[in-house]
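This short report is meant for a reader who is meeting this structure for the first time. It may help to keep the view open while reading the sections below.

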Amino acid sequence: MTRFFAILRDSYYEAVDGYVIYVMLVLSVFLLLIFASLSFTPEPAEAELPKLLSRFVLYIPERGQAKVVGNTQGVDFAASEIETEGAEVRFRLTVSGANESFRKAVAGWKKPAEHTMKLKLPQPPKPGETEFTTKDLEFALPIPVSEEEARAVTETDKIAFLQNQFAVHLGVRNVEVTAIPGPVDEKKQQFEVRLPGARSSRAWPQQLSIFFGSINIGQVPLGPTLYIVQDQIVNGLGAGISLIVAVIITAFFIPNMIRKGSLDLLISKPIGRSQLLIYKYFGGLIFIFLLSVVNFGGSWLVLGIRSGHWDPAFLLAIPMLTFTFALLYSISTCVAVFTRSAIAAIILTLGFAFVLYVVGQAKTLADQIRALEKPPFQWPEWAYTGIDTLNQILPRYKDLDKLMGQVTAEGTLTLVERRFMDAATTVPGWGETVGLSLAYIVLFLSLACWRLSTRDG
Amino acid sequence: MPVVSTRELRKQYGRIEALAGVTLAVEPGMIYGLLGQNGAGKSTLVKILLGIVHKTAGEAEVLGEPAGSVAVRRRIGYLPEDHQFPGYHTAASLLDFYGQLYGLTRDERRKRAAEALEVVGLAKRKDSRIRQYSKGMKQRLGIAQAFFHDPEVIFLDEPTDGVDPVGRKEIRNLLVQLRQEGRTIFINSHLLGEVEQISDQVAIMHRGQLIRTGRVADLTRQANRYAIGLAPGQVFPVEAIEALGFTVTAVGDRHEVEIPEGASIDTVLETLHAAGLSLRHLVETKQSLEDVFVKIVDRSDGSEAPRATRIARPMEPLRQSGRNE
């Protein structure tokens with residue numbers, strides 16, 4: 001391991017030697033300062049609680065585990081005696097509705113959705129288009145509940161249902177719900193509710209301003225706002241720029257190592273050539289890792305401080321981006337060993353990345369077209385087959401991005417919002433996405449190791 | 001047991017035969033000079049011994065193990081020709097990095113790197129970036145990295161390349177010191193004069209073959225040729241000596257006498273004595289390694305013609321210029 005860490009440290013020196021990484025770090029800090037200037041002011045609970053409770057008409061069957069959305073029928077939820085203390089909100093919840101409706105809703109919530117139906121969900125027009133399209137969203141049909149099942153619903157079930165509703169719609173866990181004893185009115189029941197951290201929760205509407213309050217942007221929900229910042233700006237634009245810069249900078253590492261007069265110095269030391277190359281490869285990942293730590297770690301920290309919403313899962317973007325770069329860097333390494341040219345490594349790596357991006361985009365588009373009942377246009381069958389095949393056999397560059405988007409969504413959006421989003425995107429599996437990319441990394445590195453081991457000098 | 005040995009070592013680059021069956025043995029504790037023109041195969045031989053180049057056929061061992069194995073590389077040091085150190089390192093950080101590759105502990109690395117840099121005269125610049133170094137400083141650093149980890153065998157390819165005369169002398173002294181410590185030093189060099197001064201044994205390579213090996217003193221000795229000097233004012237009897245069958249050549253205020261086969265210098269001395277002349281100087285003459293090298297290479301090429309008449313650009317006097325190209 002001593003040699004491994006020695007080469008890692010050597011790569012670190014090499015990575016921080018040029019001015020480019022400092023330019024990137026300055027840009028990152030600049031972006032973080034902009035994030036730091038965002039101000040989130042929670043809207044008053046008196047105004048927002050009724051809106052929140054109106055969304056309780058939707059629930060996730062199977063105790064919140066189902067992939068579809070169901071809805072309560074004939075049940076109303078109202079708040080009174082609202083108190084706010086910091087981010088915490090306390091209030092009295094009144095559940096009212098038709099006879100036994102609440103019990104039936106809770107009983108339905110406990111059961112899996114047996115039948116579903118597809119509802120048309122309007123999709124905003126794409127850039128350059130004006131017409132809305134529709135998309136199928138799967139809804140649970142009213143879940144049949146027998147009289148016995150309704151009667152079997154206990155007070156504990158009701159409390160669990162309510163806690164789940166707050167988790168699903170507000171993203172708040174550890175909700176305290178206590179049934180208020182008293183004369184049981186079949187049409188009205190009251191609960192004391194304590195929502196810790198509600199006003200900094202992902203679904204709570206906020207007044208957003210930038211540059212420390214100097215420019216007011218308006219009311220936004222916290223979660224979707226953070227989702228856009230994290231997914232589109234940090235993990236989208238920021239990560240894209242970081243990847244391109246990292247490919248260009250690190251493309252010189254291997255050619256520098258194997259150039260005449262340099263390689264001899266290293267391979268005359270007691271270290272195998274393949275070992276040297278693999279260690280150097282990992283060393284090259286340091287560049288993107290450093291940028292990722294600053295970008296993602298910094299964004300997470302700054303947005304957490306400014307919004308009060310902490311989502312540790314977002315930090316997964318650091319290894320995810322490093323892994324994405326690992327795929328590109330394995331190509332760069334392979335090309336560099338075969339050609340000894342940094343320029344060739346840059347051109348072929350970025351070219352390959354572009355091909356993967358195009359295939360990923362085409363696959364996404366193809367999936368969207370196939371999901372539409374009446375798509376505005378159709379591709380020939382061979383085009384779908386070709387895209388599916390290419391997507392199947394090539395590294396899942398785009399899918400890694402989609403997976404990170406999903407992780408970001410899980411940390412920022414509510415379950416119901418995610419169910420709606422899931423309907424609009426096809427999220428790939430972790431195993432095949434990471435596995436296939438890993439297989440390509442191994443393939444490219446094996447080729448590079450073979451070439452370096454068999455060449456003279 | 002030799003520390004370096006090869007048997008019928010061959011290396012083929014396509015149609016070009018870089019090594020055509022090289023067999024050699026280097027004994028421990030000596031400075032071994034490998035001489036040859038550009039393209040003679042010197043660097044290829046060393047690179048095979050270090051595992052940098054793969055052999056085509058034959059055998060090569062270093063320190064009793066197959067040449068190029070990781071175990072061997074731990075025990076040897078190497079300074080390649082035209083080396084390029086990463087410019088982002090300092091001398092200290094580079095030796096620390098290499099020390100880690102050699103498996104030295106932190107304390108060993110610090111101690112040995114400091115000592116080595118002191119020895120090569122880089123102690124004051126050890127924290128400067130290598131990209132700021134002159135060629136001579138890089139060469140000194142190259143030598144430091146070749147011996148700082150206490151290797152048993154050190155391979156040096158043009159070790160004094162780019163170093164000023166004072167620095168060259170320091171490097172020669174260092175190599176002699178390393179030999180005295182029991183290390184074996186294998187030098188590839190064009191600088192025949194320097195190799196001549198410090199090598200115990202030399203080998204001359206030409207067109208991928210070893211065409212002559214031997215001790216420097218043996219190679220440069222000119223049998224049956226003496227330089228004779230007489231007392232001031234006395235005239236050397238050239239005609240009388242030549243009449244006896246000797247060849248006489250005036251060299252400054254002395255004369256060189258070549259003794260023919262079967263004759264003896266005693267005949268010349270007796271003649272001088274009989275003529276009442278007083279002998280002040282009598283030395284068996286030697287030729288320079290450069291002369292030996294040129295003669296051997298020319299002979300190997302099948303020509304005894306003077307080299308300067310056969311090449312477009314005459315070779316500079318090697319001892320003065322320090323290079324033959």
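## Charges

In this predicted model, chain A carries 41 positive and 41 negative charges, and the mean positions of these two sets are 8 Å apart.

## Chain A in outline

The secondary structure of chain A consists of 17 helices and 11 strands, and its C-alpha trace extends over about 90 × 50 × 45 Å when taken along the principal axes.

Of the 457 residues in chain A, 51% are buried, while the accessible surface of the chain amounts to about 20,500 Å², with 64% of that area belonging to carbon and sulfur atoms. When the contacts of chain A with a separation of 6 or more are considered, 74% of them are between residues 24 or more positions apart.

## The largest nonpolar core

Which residues touch the most other members of the largest nonpolar core? This core has 146 residues, and the ones that touch the most other members are Val4(B), Leu45(B), Leu141(B), Phe155(B) and Phe186(B). Helix H12 of chain A, which covers residues 317-339, gives the most to this core, contributing 15 residues.

Val4(B) can be followed further, leaving aside residues up to four places away in sequence: among the residues that Val4(B) touches are Leu24(B), Ala25(B), Val26(B) and Leu49(B), and also Glu61(B), Val62(B) and Val153(B). Phe155(B) and Phe186(B) are likewise touched by Val4(B).

## A second core

Separate from the core just described is a second one of 35 residues, and its members include Leu52(A), Val89(A), Phe102(A) and Trp109(A).

Notes. Residues are numbered from 1 along each chain as its sequence is written. Chains are lettered from A and ligands numbered from 1 in the order in which they are written. This is a predicted model: local features need pLDDT of at least 70, side-chain atom pairs count only at pLDDT 80 or more; totals for chains, interfaces and linings use all residues. Side-chain values use heavy atoms; hydrogens and water are left out. Helices (H or I, at least four residues) and strands (E, at least two) are DSSP runs, numbered from the N terminus. Buried means under 20% relative accessible area, exposed over 50%, partly exposed in between (1.4 Å probe, protein chains only). Contact means heavy atoms within 4.5 Å. Accessible areas come from the Shrake-Rupley method with a 1.4 Å probe; for residues, only the protein chains shown count as cover. Lys and Arg count as positive and Asp and Glu as negative; His and the chain ends are not counted. The place of a charge is taken as NZ of Lys, CZ of Arg, CG of Asp or CD of Glu. A nonpolar core is a set of buried Ala, Val, Leu, Ile, Met, Phe, Trp, Tyr and Cys residues joined through side-chain atoms within 4.5 Å.
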